[in-house]
Amino acid sequence: MPTYSVRQATEEDIPALVDFNCGIAAETEDKQLDRELVTRGVTRALQQGEEAVYFVAVTKGDEANAAIASLMLTREWSDWRDGWMAWIQSVYVDQHHRGNGIFTLLLQHATEELKKNPDVRGLRLYVENDNTRAQSVYHNNGFIDPHYKVLEKMF
């Protein structure tokens with residue numbers, strides 16, 4: 001079984017991150033995303049500094065250092081907690097590498113990075129109601145249902 005490592009994403013990872021985001025939408029919501037729009041979004045996210053950070057998993061020993069999974073962190077200020085809540089977004093593991101603990105590795109790495117900042121209070125994510133496989137993985141990694149419902153209004 002291959003071993004994996006995690007690194008922060010760079011501009012060289014943009015094509016893989018776009019593929020992953022389009023894959024997420026297709027698999028979980030049966031949506032086809034506009035690749036040009038997603039490319040702009042990923043590119044801008046990489047330019048945001050602490051506001052949006054991508055981590056990617058790679059297979060150790062792969063000279064190309066090619067991403068096979070991703071996780072993005074964004075942040076939200078919590079006045080109730082006087083600190084930042086980090087949000088996990090854009091989680092994707094290439095189908096050929098699923099079931100090997102890669103999400104857990106990405107989560108551990110992201111958590112270690114977040115804990116370096118004493119103003120980060122916690123970690124959140126959202127998941128499709130019908131995506132029970134992902135929910136099981138998240139529960140197994142210590143996430144609980146806080147009994148909030150996410151609503152949105154698009155502009």
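**Exercise 1. The faces of strand β2**

Which residues of β2 lie on one side and which on the other, and are they buried or exposed?

*Solution.* The structure is a predicted model. Begin with the extent of the strand: β2 covers residues 52-59, and eight of its eight residues are buried. Next, recall the general rule that side chains in a regular strand alternate between the two faces of the sheet. Applied here, one side carries A52, Y54, V56 and V58, and the other carries V53, F55, A57 and T59. Every residue in these two sets is buried, and both faces of β2 are thus covered.

**Exercise 2. The strand partners of β2**

Determine in which sense β2 pairs with β1 and with β3, and over how many bridges.

*Solution.* Consider β1 before β3. Strand β1 (residues 4-8) pairs with β2 in the antiparallel sense, over five bridges. Within this pairing, Q8 stands opposite F55. Strand β3 (residues 67-78) also pairs with β2 in the antiparallel sense, over seven bridges. Here V53 of β2 has L73 of β3 as its bridge partner.

**Exercise 3. The surroundings of Q8**

Establish whether Q8 is buried or exposed, and which residues it touches.

*Solution.* First, locate the residue: Q8 belongs to strand β1. Second, consider its accessibility. The relative accessible area of Q8 is 48%, and because the partly exposed class runs from 20% to 50%, Q8 is partly exposed. Third, list its contacts. Leaving out residues up to four places away in sequence, Q8 touches V53, Y54 and F55. Finally, a distance: Q8 and S78 are 70 residues apart in sequence, and their C-alpha atoms are 25 Å apart in space.

**Exercise 4. Helix α1**

Compare the span of α1 with the expected value, and identify what covers its buried residues.

*Solution.* Helix α1 (residues 14-29) has 16 residues. From its first C-alpha to its last it reaches 22 Å, close to the 22 Å expected at 1.5 Å a residue. The buried residues of α1 are I14, A16, L17, V18, F20, N21, C22, G23, I24 and A25. As a general point for reading such a list, an α-helix has 3.6 residues a turn, so residues three or four places apart point the same way. The cover over the buried residues of α1 includes α2 (35-46), β2, β3 and β4 (83-93). After the helix comes D30, with a positive phi near 55°.

**Exercise 5. Aromatic pairs and charges over rings**

State how many aromatic pairs the structure holds, and describe the geometry of the pair formed by W77 and W84.

*Solution.* There are five aromatic pairs in the structure. One of them joins W77 and W84 edge-to-face, at 5.0 Å centre to centre and with 80° between the planes. Another, between Y138 and F143, is likewise edge-to-face, with 6.1 Å between centres and 65° between planes. The accessibilities of the two tryptophans may then be set out. W77 has 43% relative accessibility and counts as partly exposed, whereas W84, at 18%, counts as buried. A charge also sits over W84: the charged end of R75 is 3.8 Å from the ring centre. Elsewhere, R98 lies over the face of Y92, 5.2 Å from the centre of that ring.

**Exercise 6. The environment of Y138**

Explain why Y138 is classed as buried, and name its contacts and ring cluster.

*Solution.* Y138 is placed in helix α4 (residues 132-140). Its relative accessible area is 12%; because this is under 20%, Y138 is buried. Apart from neighbours within four places in sequence, Y138 is in contact with V91, F103, L125, V127 and F143. Two of these contacts return in the ring analysis: ring pairs link F103, Y138 and F143 into a cluster. F143, like Y138, is buried.

**Exercise 7. The chain as a whole**

Judge whether the radius of gyration agrees with that of a compact globule, and give the order of elements.

*Solution.* The chain has four helices and five strands, in the order β-α-α-β-β-β-α-β-α from the N terminus. For 155 residues, a compact globule would have a radius of gyration near 15 Å; the chain has 15 Å, so the two agree. Along the principal axes, the C-alpha atoms fill a box of roughly 45 × 35 × 30 Å. Of the 155 residues, 37% are buried. Among contacts between residues at least 6 apart in sequence, 59% join residues at least 24 apart.

Methods:
Residues are numbered from 1 along each chain as its sequence is written. Side-chain values use heavy atoms; hydrogens and water are left out. Buried means under 20% relative accessible area, exposed over 50%, partly exposed in between (1.4 Å probe, protein chains only). Contact means heavy atoms within 4.5 Å. Two strands pair if DSSP finds at least two bridges between them. The expected span of a helix is 1.5 Å times one less than its number of residues. Rings of Phe, Tyr and Trp (its six-membered ring) pair if their centres lie within 6.5 Å; planes under 30 degrees apart count as stacked, over 60 as edge-to-face and the rest as tilted. A charge sits over a ring if NZ of Lys or CZ of Arg is within 6 Å of the ring centre and within 35 degrees of the ring normal. The radius of gyration is taken over C-alpha atoms; the globule rule is 2.2 Å times the number of residues to the power 0.38.
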